[in-house]
Structures are given as C-alpha cells and as structure tokens.
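Hi,

Here is the structure I promised to pass on. Have a look at it first, and then read on for what turned up.

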Amino acid sequence: MFQIKRNRILRTTPSLRALVAETTLTPNDFIVPLFIDEGEGQEVEIPSMPNYYRRSLDKTVREVEALWSIGIKSVLLFIKCTDDRKDNLGTEALNPNGLMQRSIRAIKAAVPGMIVMTDVALDPYSTYGHDGIVENGEIVNDPTVEVLANMSLSHAQAGADIVAPSDMMDGRIGAIRKTLEENGFTKTGILAYSAKYASCFYGPFRDALDSAPGFGDKKTYQMDYANRREAIKETLMDVEEGADIVMVKPAMAYLDIIREVRDAVTVPVSAYHVSGEYSMIKAAARMGWLNEDKAILESLCSIKRAGADLIATYFAKDAVKLLNA
Ligand SMILES: NCC(=O)CCC(=O)O
Ligand SMILES: [Mg+2]
C-alpha cells in the first residue's frame, strides 16, 4: 500500500504536535473579571460560580498582585452597588468616591502596570437592574448614552486605562470618545461590547452582583442569538465610532460570530467566556462527567482558534497554572 500524504506523521509525538500547533494560549491573552464589594477582609464565594469570589477592595488588591505575579496583564472591574445607592439614573456611577472609582485608584496605585478595564453600564446601579434609564417601562437610548459618557469620564479621571461599555445602547462609543477627547483623556482606550447577545449564560453573573433585571428582559438592546450579519453591522459601527478593541459575548455558543468579526475588522477582537460557560464546566466536573483541566484548556483554545485575540474569562488563573504545569 502506497500513500503520498500521511497526516498522522505530524501527530506522532508531543514535540511534533507542539511544533505544528496553530493556536497557543499565553497569560497575555487573558482579561480577568473581578467582582468588588464594599467592606473589608471580605471574600465571598459566589454560589453558582464555585471557586470564584466577590471581594472587598483590600482583598481585591491582593488578588490583583497575585494575578500580576503570574503574568496576567489586565483586569476588568465590576462592582456591587448597595441597594440604598441605586436609582433609575445611575447617579452613584458618577460618584468620584464611588466603589468603582476607589477601586481603580487603589489597583493602579498597588500595581501600576496592570491594565485596568472598567465595566460601563447602568445595571449594577439601577433599581430596575437594566443597562439604561427606564421611562414608561422602556429603556431609553439617548439619555442613557449621556450617562455612559459621563461614567466613562469618571472612570478615566480615576485612572482607568480602558473603559468597557457593556450596555448595547446605540451611539455610545462615539459619545464616549467625544467626551474623553473634550476632557483631555486622549490615552484612555475603549473596549466596546459590540456584539453582546441576550443570553441565558449570564445567569450566574447576575447572582454575583445582584443585578438581574427587575422586569422583562434585555432583548430590546442586547442582540438576538438568531442573528449573524447584525453582529458585523454592530461591530463595524463601533470601530467607526472609535472603539480600540471590540468584543463578542458570550464566547462558546458564538464561535462563528467571533470568526466573522475577526475577519471583518482590523482592531483586536476580544471574546467574553461568560459566567454560565464557566459554571457549566464546573458543574460537569463536580459530577465527575468532565475532566475540568482539559475542558478549560480546550474551551479557551477553541475561542482563540475562532479568532479572539483576547479572552475575558473566570478561568484565567487556572489556565495560567495549567499552561505552566
Ligand atoms: N456585563 C456583564 C454581563 O452581562 C455578564 C457576564 C457574565 O455572565 O459573565
Ligand atoms: Mg451597537
């Protein structure tokens, strides 16, 4: 028997496989989402996200130092706003001494090299748990965009390197860029959640921050998972409006979208491997149905292979440990 092409040759040994691997993961690929709460010395495991924690700021700073020491270069901050500070307009989001602003300052002071990205959206601050201002039961676009621009400015003033609007209002990237420019913040980046789908996979995150929508759902602003072309339209608009990095969210049920976005733009593409995607692997591993370590690396590699340059993931620390093992 005679065969010209023997594809198995390059799969023979671990060295050969490593030599021809098309995709590799490194600590530089990861953005680590962090959940921050008021208080001191607090470290609370999120029930639906085993081994992931919501921490007070002092503990968060220790965690950022630990992440930096293993080579991770960026964190994405989310805060849990106390109920008494929530309202319809997201007033607390603009507080120069709010938890987000204090967190940015403390983290940049402790680890200046760490890239601090900040979540920009109203939901943690909203009595309604929606990403925008509510009027007559609707989420109104343009008044929300104004708040988002001011919120971004407030984060930039506190020292954020990159603001990350996750709200899906129309026109907010342009408005944020304009506000940053007008105020002299010419070095603050914008990571736009450009193709963010209305997804059930955000469930555990809403537990973590107590930010589930109080009425209805987010389908009038987040995208319909049936749509593909619309993701390209959204992303191209955000790039046009000044986005430095674009994002597809969630990741694993949207690998086709990541690939198409990667092929459509020249800016870096990030994917968000979301809470539900984390918890599914954790749950299956606990049941003894999946090998957790292997599932983590295979999942993250598939997201990068699909075209993501960056991955926001709750598995970043585990992945770095596994890559170094
Ligand atoms: N803006 C953040 C989310 O909507 C959810 C993220 C997650 O589920 O991990
Ligand atoms: Mg958009």
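Lys249 is found in strand E10, and since this is a predicted model, please read everything below with that in mind. With 25 C-beta neighbours inside 10 Å, Lys249 counts as buried, because 20 or more is enough for that label. Leaving aside its neighbours within four places in sequence, Lys249 is in contact with Tyr193, Lys196, Tyr197, Tyr272 and Val274.

One of those contacts, Lys196, deserves its own look. UniProt, in an unreviewed entry, places the feature "active site" at Lys196 and Lys249. The two are spread over 54 residues of sequence, yet they cluster in space, with a largest C-alpha distance of 4.8 Å. Lys196 sits in strand E9, residues 189–196. Is Lys196 buried or exposed? With 27 other C-beta atoms within 10 Å, Lys196 is buried. Not counting residues up to four places away in sequence, Lys196 touches Ser166, Met168, Gln222, Met223 and Lys249.

Then there's the ligand. Around ligand 1 you'll find Asp119, Ser166, Tyr202, Phe205, Val274 and Ser275. By class, that shell has 3 nonpolar, 2 polar and 1 charged residues. Two of these names link back to the lysines: Ser166 around ligand 1 is also touched by Lys196, and Val274, again around ligand 1, is in contact with Lys249.

Right after Lys249 comes an oddity in the backbone. The peptide bond from Lys249 to Pro250 is cis, with omega near -10°. Pro250 is found in the loop between strand E10 (245–249) and H8. Most peptide bonds are trans, and most residues other than glycine have a negative phi.

On the phi side, two residues caught my eye. Asn136 has a phi near 50°, a positive value in a residue other than glycine, and is found in the loop between strand E6 (133–135) and strand E7 (138–140). Asn136 is exposed, with 5 other C-beta atoms within 10 Å. Asp210 also has a positive phi, near 55°. Its place is the loop between helix H6 (203–209) and helix H7 (229–240), and with 15 other C-beta atoms within 10 Å, Asp210 is partly exposed.

Now for the core. In soluble globular proteins, nonpolar side chains tend to be buried together. Which residues touch the most other members of the largest nonpolar core? They are Leu77, Val248 and Ile258, out of 92 residues in that core. Helix H4 (residues 141–158) gives the largest share of this core, 8 residues. Not counting residues up to four places away in sequence, Leu77 touches nine partners that include Leu34, Ile36, Met100, Val116 and Asp119. Asp119 is also one of the residues around ligand 1.

Helix H8 (residues 255–264) holds Arg259. Arg259 counts as partly exposed, with 16 C-beta neighbours inside 10 Å. Leaving aside its neighbours within four places in sequence, Arg259 is in contact with Ala306 and Gly307. Arg259 and Val269 are 10 residues apart in sequence and 9.5 Å apart in space, C-alpha to C-alpha.

Last, a bit of sheet. Strand E2 (residues 43–46) and strand E3 (residues 49–56) pair in the antiparallel sense over 4 bridges. A hairpin through 2 residues joins E2 to E3, and Val44 stands opposite Arg54 in E3.

Cheers

How values were computed: Residues are numbered from 1 along each chain as its sequence is written. Chains are lettered from A and ligands numbered from 1 in the order in which they are written. This is a predicted model: local features need pLDDT of at least 70, side-chain atom pairs count only at pLDDT 80 or more; totals for chains, interfaces and linings use all residues. A residue is near a molecule or strand if its C-beta atom, placed from the backbone, lies within 6 Å of it. Ala, Val, Leu, Ile, Met, Phe, Trp, Tyr, Cys and Pro count as nonpolar, Asp, Glu, Lys and Arg as charged, and the others, Gly among them, as polar. Two strands pair if DSSP finds at least two bridges between them. A residue is buried if 20 or more other C-beta atoms lie within 10 Å of its own, exposed if 12 or fewer, and partly exposed in between; C-beta atoms are placed from the backbone. Two residues are in contact if their C-beta atoms, placed from the backbone, lie within 7 Å. A nonpolar core is a set of buried Ala, Val, Leu, Ile, Met, Phe, Trp, Tyr and Cys residues joined through C-beta atoms within 7 Å. UniProt positions are given in the numbering used here, feature names are shortened, and annotations may be inferred rather than shown by experiment.
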